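Here are a few exercises to work through with the model open beside you. Try each task before reading its solution.

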Amino acid sequence: MEYKTIAVLGSTGSVGTQALDVVESFPERLKVSVLTAGSNADLLIKQALQFQPRAVVIVDDSQYLCVKEALAGHPIAVSSGEAALEEVVQYEDIDIVLNAIVGSAGLRSTVRAIQSGKDIALANKETLVVAGELVMGLARKHQVRMLPVDSEHSAIFQCLTGEEANPIEKIYLTASGGPFRGKDLDFLSSVTKQQALKHPNWSMGAKITIDSASLMNKGLEVIEAKWLFDLDVSQVDVIVHPQSIIHSLVQFRDGSMKAQMGLPDMKLPIQYALTYPYRWENTFERFDFANFASLTFEPADTKTFRNLAIAYEALRQGGNSACVMNAANEIVVDAFLKEKVSFLGMSEVIEKTLERVQHVATPTLEDYLYADQESRRIAQELI
């Protein structure tokens, strides 16, 4: 097959760097056209020198001259600011846009890429959490593919291949349970960021690791799954699977189930999204049944880990509720990492923000963006 040309948004983050590792493994099949970063200029420069993209964007304007000077003499266009993200995803030579930007900042560029007819490899789950109905409607209108990069949604996507004629009865998103699985409220009331950042199975960025510890990440994934696979909230369930070998399951109306399995390595779902519908040979470590005497499962504890319950309720409320929840969560996670709010206090701020922001039943893109900013302001005040 011919090579694919890729734009990697958020190339200096955890998913972005692993995506470039995948690209590096297939130099004759995958080519980088665009790299973008928030503020990590040093790593962006290093990546640009290695992959020689057509363009790079550093969102932090104060880093622009640093990047520009470092890449002088190379045929690489350099720009800065959020508006530049929307411009570069429209390049005609781009086949697929990998959105690995952390948080709701990835929404506008995803919308612009879809409107430009680009397939989307989506690692930025917040895009669908914030504006799932709008984004998926645009994807259908412009006939682009939304290829999930999250391991759980990639698993569901893979299980559904060849099952187009068979309706889903239910999907089960698996959760490791994070570092605090089985702990009670007394324990959680005094946990530190150092404890919360020690995920038992996955190597991820700080924000998603904290979300995993609080089960908010699973809540975000429930909302993303609803929109990706056109499901009712009652069709999405969460089951705790500490070994993280079964990445998710689909149950069909005849009662049969399909699961996708593998070692916990983000490079596999990244590769599948970039190479779909093909499975290219790679050198990733293989699963060995001899190393896993048992695979266990248990229900998620939504009473202790309130964030998962909050996410379900936001999904039921619809409108801009999930957008409000996500914005407040981004604020409280940042505050927790700066030791300005407690672990359990994060949920309290999110709930109070949802109470104070006006609910909009059928929001436009501008309504979503306003709700996002208003929620951040209110959450900051509450902290």
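**Exercise 1. Are α5 and α6 roughly parallel or roughly antiparallel to each other?**

Before you start, some ground rules: this is a predicted model, where local features need pLDDT of at least 70, side-chain atom pairs count only at pLDDT 80 or more, and totals for chains, interfaces and linings use all residues. Residues are numbered from 1 along each chain as its sequence is written, and side-chain values use heavy atoms, with hydrogens and water left out.

*Step 1.* Find the two helices: α5 is residues 107–115 and α6 is residues 126–142. Helices here are DSSP runs (H or I, at least four residues), strands are E runs of at least two, and both are numbered from the N terminus.

*Step 2.* Get the geometry. The two helices pack at about 5 degrees with their axes 9 Å apart. Axes are lines fitted to C-alpha atoms, for helices over the stretch in contact, and angles run from 0 to 180 degrees between N-to-C directions.

*Step 3.* Classify the angle. Under 35 degrees counts as roughly parallel, over 145 as roughly antiparallel, 65 to 115 as roughly perpendicular and the rest as oblique. So α5 and α6 are roughly parallel to each other.

*Step 4.* List who makes the contact (heavy atoms within 4.5 Å). From α5 come L107, T110, V111, I114 and Q115, while α6 supplies T127, V130, A131, L134, V135, L138, A139 and H142. For the spacing of such lists, remember that an α-helix has 3.6 residues a turn, so residues three or four places apart point the same way.

*Step 5.* Sort by class. The contact of α5 with α6 has nine nonpolar, four polar and no charged residues. Nonpolar covers Ala, Val, Leu, Ile, Met, Phe, Trp, Tyr, Cys and Pro; charged covers Asp, Glu, Lys and Arg; the others, Gly among them, are polar.

**Exercise 2. Work out where the annotated residues D150, E152 and E221 sit.**

*Step 1.* Start from the record: an unreviewed UniProt entry gives these three the feature "binding site". UniProt positions are in the numbering used here, feature names are shortened, and annotations may be inferred rather than shown by experiment.

*Step 2.* Check whether they cluster. They span 72 residues in sequence, yet no two of their C-alpha atoms are more than 8.4 Å apart, so they gather at one spot.

*Step 3.* Look for a pocket. D150, E152 and E221 are included in the lining of the largest pocket. On a 1 Å grid over the protein atoms alone, a pocket is an open set of points with protein on both sides within 12 Å along at least five of seven lines, whereas a cavity is a set where a 1.4 Å probe fits but cannot get out; lining residues have an atom within 4 Å of a point.

*Step 4.* Place two of them. D150 is in the loop between β7 (146–148) and α7 (151–160), and E221 is in helix α11 (residues 216–228).

*Step 5.* Check exposure, with buried meaning under 20% relative accessible area, exposed over 50% and partly exposed in between (1.4 Å probe, protein chains only). D150 counts as buried at 7% relative accessibility, and so does E221 at 2%.

**Exercise 3. Which residues does K125 touch, not counting residues up to four places away in sequence?**

*Step 1.* Locate K125: the loop between β6 (119–122) and α6. K125 counts as buried at 3% relative accessibility.

*Step 2.* Read off the partners. With that sequence filter, K125 touches D150, I208, N217, L220, E221 and E224.

*Step 3.* Cross-check from the other side. K125 is among the residues D150 touches, and E221 touches K125, D150, E152, H153 and L173 under that filter.

*Step 4.* Go back to the record. A UniProt "binding site" annotation (unreviewed entry) covers K125, S151, E152, S176, H199, S212, N217, K218 and E221. The lining of the largest pocket takes in K125, S151, E152, S176, H199, S212, N217, K218 and E221.

**Exercise 4. Describe the surroundings of M136 and S347.**

*Step 1.* M136 is in helix α6 and is buried, with a relative accessible area of 9%. Leaving aside neighbours within four places in sequence, M136 contacts L128, M146, W227 and L228.

*Step 2.* S347 belongs to helix α15 (residues 343–356) and is buried at a relative accessible area of 8%. Its contacts, with neighbours within four places in sequence left aside, are R306, N307 and I310.
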